[in-house]
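Here are my notes on the model you sent over, point by point. Have the structure open while you read.

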Amino acid sequence: MKCSFFQKEKGGSYFFNLRSNDGSDMFTSLGFPTLSECEEGLNQALKSIHNESKFKLDQSDDKKFYYDLLSDSGNSLGSSVKFSSEGAREFAIKKMLSISPAEIEIISLTGASSKLSSVSSNGSKEFVTGSFNGHDFVGYQSAKDNKYYFNFSRDGEVILTSEAYNSQSACENGIQSVIQNSVDPDKYEINEAKDGRYYFNLKAGNGQIIGRSKMFKTREQIGGAAAFLAGATAGANVPPVSTNDDDSFMEGKPNIKVLQTGAFSHMNVEMYQNLNDKQYYFHFLEKNGRPILVSEGYTAKAGAQNGINSVIKNATNPDNYDLKKSPDGKCYFNIKSGNGQIVGTSLAYDTESELQDAINVFGGSIQGGLVSGETTESITSTTVTETTTTETTTTETTTTETTGEDSGIIDTIKKSTIVGGAIAGGGAIINKLTGDDGDAEKKAAEAKLAEEKAIEAKLAAEKKKRLAEEKLAVEKKAAEAKLAAEKKAAEEKLAAEKKAAEAKLAAEKKALEEKRLAEEKLAAEKKAAEAKLAAEKKALEEKRLAEEKLAAEKKAAEAKLAAEKKALEEKRLAQEKKLAEEKRLAQEKKLAEERRLAAEKKLAEQKRLAAANQNDNKKVVATGGKSTAGASGTSSTTSKAVGGATAGGAAAAGSGASGGGSGCLKWLFPLLFLLLLGALALWFFRDGCNAAKNVATKTTTVAKDAGTKAAGAVTETVDKTKEVVGDAANATKDAVTNADATKDAANAAKDKVEEATTPAKALGKNGGELGLKKGSLEYQMADFLSDPNSRAPKTFIMETISWPKNSPRMNNKARAQIGEMAKVMKEYPNFNINITGYRQTGEPETYNHQGEIIGLDDIRARCVYRKLEKKGISGSRMNWEGKDINANRNLVEVIITKK
């Protein structure tokens, strides 16, 4: 069966068409808008063709018959071709029902042909198949109900279908039961359906139905089908083939035991025992294994042996061929013995021409006799102890073509008339099923025998005449034989000379051939040596590359170790610097604190001295007032006046001094007091009493001036004291300010130390925060990218990826890892990578990828690149390249080139 897709130019719709192997159209679909929908339509059709209810019968306006094939939803998928009769349409439907999706050959739009693969089948699972003399059987499990079934078919048409079985072993036993019971006419039960058609049930020994036939239009067709089935099982010679490794069904051998075999020029003969019914049979087979003639069953082995001898003896006489036609129109022949008993029956053929071809092979082979080394006795008397079939290799000989002239048996049979009767392998079954008890055949045989006796006398007279003619012919034949012998001797001599020349030429040719082979061997050895040298050179190069790679990895490890050592040293120096700076700042802070305490102590001392001077001044002023009052006792009024003035001035001076807050000049008040006493004495002794007023006035003036001067001195002293106190305060303030500056410097140095020793803040989420598998490539990438101190470039290895040998198809685990890599690249959108692939020694350098010739190492790197692109990573962030050969083909490097 062939299925082709095509597209119409007008409208652009897609169709599929089913054709038989001989090129005849069977079914054409409706149009589909797309090719994928058309393929889905084919899927629906293949599901429907095994369901007879999906065939909708119809008739066209021109009285032609056709059918529509319906989908599961009841819609038409397309129509069949038109048939001239209902029978032709029914035959076409039966053929469609027998289609196996695995046998369909798909022809694409481009003309390419392939077995059906993407189109689903009916889902049945076959577990055993077999072939029996033109009949096929299959055991299968239905996908619909999970039950087990079998059927027997001929030329693609199912003849018998089983009931449902619950187990595979029960189904296999059912197949064996059909083979065993189909040869018994009593096991067939004829039934008539409501629509007038006929079918039969095949029953087991216990009366249970083991199979049901297809529907037949007439009762005679049942007999033909049953006879086919009986002939198939009786002549079984091909074992069923089990597809179940644990299945012991028939153990891979036929259910027969072959006892003897023989070979003719174009035919084999076998005698065997059917292990089901224990009967003995024989059959004559064509070289391709197809039977020509089969026997009835014999209860003893000797009976079957005698039957073989009888067939060989009687098959050379045309009168022993009885040509027959079955009720369903099939043609066959019987071989009869001298007493008229049937000793063998042929298979049935559709036409008389096919029957004559079979007789030509059969009769010609019998007349040609057994091949060299075979005798009738070897067929009939050999004792076989083995239970398996003995294979005999025979040499075919050429048989004279029987065309043009009278060939004896063949042409004589061609002149015979085919009459009605039983069919091959099942005469008894036909007679039972069709109601023919054999009387008609017996009467016809008796009539023919009477006719033969009537002409026997005529034949005897003709025989005498023929003997005389044959004697003359023998003499003529002897003369011709002598001449032929002389001619043959001359030809043999010439042939011997020719053979000697050919032998010499062959020897020379052989010598030349041996020389050529020696040269080719030398060239091959040279080529092998060169290949070995190249392989060794290549191995050395790979070793060198591996050592360089190892050295590079070692150097990288040492550089990494040095960098880590340097980082640790820098960290240690930073910590020492931090400690030194903290120590210096502590000393500066201590010094500033000592300066502050000294300034405060100095200020406190100055305040104490100022307070002490103030107290002294108050005491001096108080003492001066008392002295002035005692000296002016002579004039109480004046004394009071002067004393009052002096006291007032002194008090004013003292008050002014005290108000100014200065008492540090102890000598000022005693001096003023002495000056005042001197002035009073001078006034008293010089002017007398009359001058008391002037003295008082002068004294008052002098006291006033002295008080003014004293007040000025006090004011000056207070100002100087304020200046000293201000300077001290400023010094203290400067000390405090310097202390703050020192503190700020210390804090700044501390910040620098902390900045140098404290790890920087992460740039983003690390592998653990992203939920990645610890230790994986993507986990390491995330940790590297989140570290602000890390620097590109950095190489990572895909630990999950693997490539089949000579292939760029990665494993599923690597596909999952690429998804995790894409997750990291989306978290950090500013870094770029370079992907590097390799191929292994022994793998091809280039690879044909959909017509593109590309390095195998390149396409592996590009494969990772494209998978990342499909995950949403921009191609501008990635580069890929192949690095040719590496000892490990599964090595894929991912290098972060920019962070």
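1. Start with the pair D322 and K336, whose side chains are joined by a polar contact of 3.3 Å. Bear in mind that this is a predicted model. D322 belongs to strand β21, residues 321-325. Is D322 buried or exposed? Its relative accessibility is 9%, so D322 counts as buried. Leaving aside residues up to four places away in sequence, D322 touches K336 and also Y332, F333 and N334.

2. Next, the cysteines. How many disulfides does the structure hold? Zero. For C3, the closest cysteine sulfur is that of C38, and at 7.8 Å it is too far for a bond; the cut-off for a disulfide is 2.5 Å between the sulfur atoms. C3 is also buried, with a relative accessible area of 0%. C171 is buried too, and its relative accessible area is likewise 0%.

3. Helix α2 is worth a look. It runs over residues 86-97, twelve residues in all, and the distance from its first C-alpha to its last is 16 Å, close to the 16 Å expected at 1.5 Å a residue. Which residues of α2 are buried? They are R89, A92, I93 and M96. Looking down the axis of α2, you'll see these buried residues fall within an arc of 100°, so they line one face of the helix. As for what covers them, the list includes four strands: β2 (14-19), β3 (25-29), β4 (55-59) and β5 (65-70).

4. On to the largest nonpolar core, which has 33 residues. Which of its members touch the most other members? Those are M798, I833, V864 and L868. Several elements each supply at least two residues of this core: the helices α14 (777-786), α15 (812-827) and α16 (856-870), plus the strands β26 (832-839) and β30 (893-898).

5. V864 deserves its own point. If you skip residues up to four places away in sequence, V864 touches M798, I801, W803, M810, I818, I835 and V892. M798 thus turns up twice: as a contact of V864, and beside V864 among the core residues that touch the most other members.

6. Finally, don't stop at that core. There is a second, separate one of 29 residues. Among its members are F264, A315, F362 and I366, so to speak a handy set to select when you want to find this second core on screen.

How values were computed: Residues numbered from 1 in each chain as written. Predicted model: local features only at pLDDT ≥ 70, side-chain atom pairs only at ≥ 80, totals over all residues. Heavy atoms only, no water. Buried < 20%, exposed > 50% of the residue type's maximum accessible area, 1.4 Å probe, protein only. Expected span 1.5 Å × (residues − 1). Arc of directions from axis to C-beta. Contact = heavy atoms within 4.5 Å. Core = buried A, V, L, I, M, F, W, Y, C linked by side-chain atoms within 4.5 Å. Polar contact = N/O pair within 3.5 Å; in protein donor to acceptor, adjacent residues only side chain to side chain.
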